[in-house]
Amino acid sequence: MTSEQIAILKQFGFCIEGEQVKHLKLGIVTDSKEFARFSTSEQLREHIKQLLRNQCLWKQKRGEQ
């Protein structure tokens, strides 16, 4: 991953630990390769936003049950 990709991830609350990318508040843990595949910073930002949206919706639905 590039330093720009790492900076973007940190802006969204992620931390990088070895080959894993983690968002501790939302409980997201994934491989860094998922984020390294994006060629532009805008594509990466959109992917992160979608990932965070989906995780929040999933947590809300689980809380309703």
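This is a short tour of a small set of features in the protein shown above, from its overall layout down to one histidine and two cysteines.

**The overall picture**

What you're looking at is a predicted model. The secondary structure adds up to three helices and three strands, and if you walk along the sequence they come in the pattern α-β-β-β-α-α. Measured out along the principal axes, the C-alpha atoms fit a box of roughly 40 × 25 × 20 Å. The protein has 65 residues, and 28% of them are buried. Its accessible surface is about 4600 Å², with carbon and sulfur atoms supplying 50% of that. Among contacts with a separation of 6 or more, 43% link residues 24 or more positions apart.

**A hairpin and its histidine**

Now for strands β2 and β3. Strand β2 covers residues 20-23, and it pairs with β3 in the antiparallel sense over four bridges. Together β2 and β3 make a hairpin, with four residues between them. Gly27 sits in that turn and has a positive phi of about 75°.

Strand β3 runs over residues 28-31 and has two faces: Ile28 and Thr30 are on the covered one, while Val29 and Asp31 are on the uncovered one.

His23 is part of strand β2, and across from His23 in β3 stands Ile28. Is His23 buried or exposed? It counts as buried, because its relative accessibility is 9%, under the 20% cut-off. A polar atom of the His23 side chain lies 3.3 Å from the backbone nitrogen of Leu26. If you set aside neighbours within four places in sequence, His23 is in contact with Phe12, Gly13, Phe14, Ile28 and Leu52.

**Two cysteines, no bond**

How many disulfides does the structure hold? The count is zero. In general, a disulfide is a covalent bond that joins the sulfur atoms of two cysteines. Here, the cysteine sulfur closest to that of Cys15 belongs to Cys56 and is 17 Å away, so the pair is too far apart for a bond. For comparison, the cut-off for a disulfide is 2.5 Å. Looking from the other side, Cys56 has its closest cysteine sulfur in Cys15, again at 17 Å.

The table puts the two cysteines side by side.

| Cysteine | Relative accessibility | Class | Closest cysteine sulfur |
|---|---|---|---|
| Cys15 | 23% | partly exposed | Cys56, 17 Å |
| Cys56 | 35% | partly exposed | Cys15, 17 Å |

Definitions and conventions:
Residues are numbered from 1 along each chain as its sequence is written. This is a predicted model: local features need pLDDT of at least 70, side-chain atom pairs count only at pLDDT 80 or more; totals for chains, interfaces and linings use all residues. Side-chain values use heavy atoms; hydrogens and water are left out. Buried means under 20% relative accessible area, exposed over 50%, partly exposed in between (1.4 Å probe, protein chains only). Two strands pair if DSSP finds at least two bridges between them. A polar contact is a pair of N or O atoms within 3.5 Å; within protein, one must be able to donate a hydrogen and the other to accept it, and residues adjacent in sequence count only if both atoms are side-chain atoms. Contact means heavy atoms within 4.5 Å. Accessible areas come from the Shrake-Rupley method with a 1.4 Å probe; for residues, only the protein chains shown count as cover.
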